[in-house]
Amino acid sequence: MEMEQMVSASSHAEAGPFTRAWHWLKALPEKLWSKFVSVATKAKKLGQDDPRRIVHSLKVGLAITLVSLFYYFEPLYDGLGVSAMWAVLTVVVVFEFSVGATLGRGVNRGLATLLAGALGFGAHRLASFSGNICEPILLGLFVFLLAAVVTYIRFFPRMKARYDYGLLIFILTFCLISVSGYRDDEVLDMAQKRLSTILIGGATALFVCVFICPVWAGDDLHNLAAINMEKLGSFLEGFGNEYFKTPSQGQSMEDKEILQGYRSVLNSKTTEESLANFAKWEPRHGRFRYRHPWQQYLRIGSLTRQCAYRIEALNGYLSSELKASQEIRAKIEDPCKKMSKDCSCALKELAQAVKTMTKPSAANCHIANSKIAAKSLKSMLKTGLWQDTDLLEIVPAATVASLLIDIVSSTEEIAESVNELASLANFRSVDNTEVAKGESKLSCSSSIKGPHHIITIHASTQSE
């Protein structure tokens, strides 16, 4: 068999260029079909992960079609002329996935164009009084000063986060108008048409974005905070049984996926900050009033990630070869399982409270129980429990116990932050019967229902 393969490879190498080209053309349809199937599969998965992406694509197509109609209505085209293309361009660069992102970019573009147009016309008018020799010098000085100052302002974190696109458009518009070679009346007419078309394009994009299947960044941020706490709770729920299981017990694929779900929380900072920035632009909608405390979600997200980092360290001991013996682990099994279970229930209760916008009263009982278990474990560690035991067997068990104690403290901090959010956002209170029912649950299962959308924030290209 090997001899035949060697002969075949040798004959293929000795084949002429026409033969190789024929083989390549013969295999081309199959390669193209395979590539098409691969791309179609990826496109299908992308839409299934978040169906809102398909709707967004259709909305962008609709908005561009609407503003393109300016070219087909004579009165509008006669009034705006070729400047109508700015309306199409505005929709392309302004229309974003969420309402907050679209509104933010639209406001940035409109205000920047208005202010830069006024300043550009003023600079052009002022320079024209100085004569033909001094005019280019003054214009160059104006452009240098404004471009340098505004570019430096872009480095401020707050300006970078909310107004970076507007500052960029401000520089571009000022340069286009101030250094143009037109007369004053032509410059004014150009600035007026540019502003009008940008307002038309921005209004069209915002109308389609808000009134046709709107996507609110505030909703995504709110749900993301709840889902992240839910994932941490799911890990802690399964950790106790997984760590203290006997070697004969196996692990199902479903349990493995649940135990790895917390990893997405570690990289959620950029997404949360982007969503919080977009949410600040959004008007009052649904359950979210004006000036909703979006900054508090960033605080919750930061504490959740700190807890996730501890869980990441804890997860390392599930697959580590350096494990404590079964006898050593049995000594700390009860308090560790208790802490893990109660922290899991507390995090899931907090996630459910955020999801339903209710005050998280039921989580207090689980946090109190976990603190009692942590105190008991600390007492055990201080006693002579480890006498006549190999130090290498003690360290892994003691580290796991220490990490669980830290997770209890971290869960308490998350609960305090959620309570603060509930106070700032005026979450509704639950009656005593509901609280008693929640506290009397023997087990806590996943409380967040419905699909969990995958939220991806792409860096927008800062283009005109």
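# Close-up views of an all-helix model

**Figure 1. Overview of the chain.** The secondary structure comes to 19 helices and 0 strands. The model shown is predicted. The chain has 464 residues, and 40% of them count as buried. Its exposed surface is about 25800 Å². Carbon and sulfur atoms supply 62% of that surface. Contacts reach far along the sequence: among those between residues at least 6 apart, 84% join residues at least 24 apart.

**Figure 2. The largest nonpolar core.** This core holds 61 residues. Phe 235, Leu 314 and Met 339 touch the most other members. Seen by element, two or more residues come from each of α10 (217-243), α12 (263-266), α13 (269-279), α14 (294-319), α16 (333-356), α17 (363-382) and α18 (391-424). Helix α18 gives the most, with 13 residues. Membership asks for burial, and buried means under 20% relative accessible area. In soluble globular proteins, nonpolar side chains tend to be buried together.

**Figure 3. A second nonpolar core.** Separate from the core above is another one, made of 28 residues. Its members include Ala 112, Ile 171, Phe 174 and Cys 209.

**Figure 4. A nonpolar patch on the surface.** Some nonpolar side chains lie at the surface instead. Leu 62, Leu 66, Leu 69, Tyr 72, Phe 73, Phe 207, Phe 211 and Ile 212 form a patch there. Together they have about 830 Å² of accessible area. Helices α3 (52-68) and α9 (184-211) each supply at least two of the patch residues. Leu 62 has its place in α3. Is Leu 62 buried or partly exposed? Leu 62 counts as partly exposed because its relative accessibility is 37%, and buried would mean under 20%.

**Figure 5. Spans annotated as transmembrane.** An unreviewed UniProt entry places the feature "transmembrane region" at five spans: 54-73, 79-99, 136-153, 165-183 and 195-217. Two of these spans are described here. Residues 136-153 are 100% helix and 0% strand. The C-alpha atoms at the ends of residues 136-153 are 26 Å apart. Residues 195-217 are 78% helix, again with 0% strand. For residues 195-217, the end C-alpha atoms lie 28 Å apart.

**Figure 6. Ala 203 and Val 91.** Ala 203 sits in helix α9. With 46% relative accessibility, Ala 203 counts as partly exposed. Where does the chain bring Val 91 in relation to Ala 203? Their C-alpha atoms are separated by 8.9 Å. Along the chain, Ala 203 and Val 91 are 112 residues apart.

**Figure 7. A salt bridge in helix α2.** The whole structure has 12 salt bridges. One of them joins the side chains of Lys 45 and Asp 49, at 3.1 Å from N to O. Both residues lie in α2 (residues 17-49). Lys 45 and Asp 49 are 4 residues apart, which is about one turn of the helix. Lys 45 is partly exposed, with a relative accessible area of 49%. Asp 49 is also partly exposed, at 24%.

**Figure 8. A salt bridge between helices α10 and α16.** Glu 237 pairs with Lys 348 in a salt bridge. Their closest N and O atoms are 2.4 Å apart. Which parts of the chain does this pair tie together? Glu 237 lies in α10 and Lys 348 in α16, so the pair links parts 111 residues apart in sequence. Glu 237 is partly exposed, with 26% relative accessible area. Lys 348 has a relative accessibility of 3%, so Lys 348 counts as buried.

**Figure 9. A salt bridge within helix α16, and a network.** The side chains of Asp 342 and Lys 338 meet in a salt bridge, at 3.4 Å from N to O. The two residues are 4 apart in α16, so about one helical turn separates them. Asp 342 counts as buried, at 5% relative accessibility. Lys 338 counts as partly exposed, at 40%. Elsewhere, Asp 50, Arg 52 and Asp 220 are joined into one network by salt bridges that share partners.

Note on methods
Residues are numbered from 1 along each chain as its sequence is written. This is a predicted model: local features need pLDDT of at least 70, side-chain atom pairs count only at pLDDT 80 or more; totals for chains, interfaces and linings use all residues. Side-chain values use heavy atoms; hydrogens and water are left out. Patches are made of residues with over 30% relative accessible area and no salt bridge: like charges are joined within 9 Å, nonpolar side chains (Val, Leu, Ile, Met, Phe, Trp, Tyr) within 5 Å. Accessible areas come from the Shrake-Rupley method with a 1.4 Å probe; for residues, only the protein chains shown count as cover. A salt bridge is a side-chain nitrogen of Lys or Arg within 4 Å of a carboxyl oxygen of Asp or Glu. Buried means under 20% relative accessible area, exposed over 50%, partly exposed in between (1.4 Å probe, protein chains only). A nonpolar core is a set of buried Ala, Val, Leu, Ile, Met, Phe, Trp, Tyr and Cys residues joined through side-chain atoms within 4.5 Å. Contact means heavy atoms within 4.5 Å. UniProt positions are given in the numbering used here, feature names are shortened, and annotations may be inferred rather than shown by experiment.
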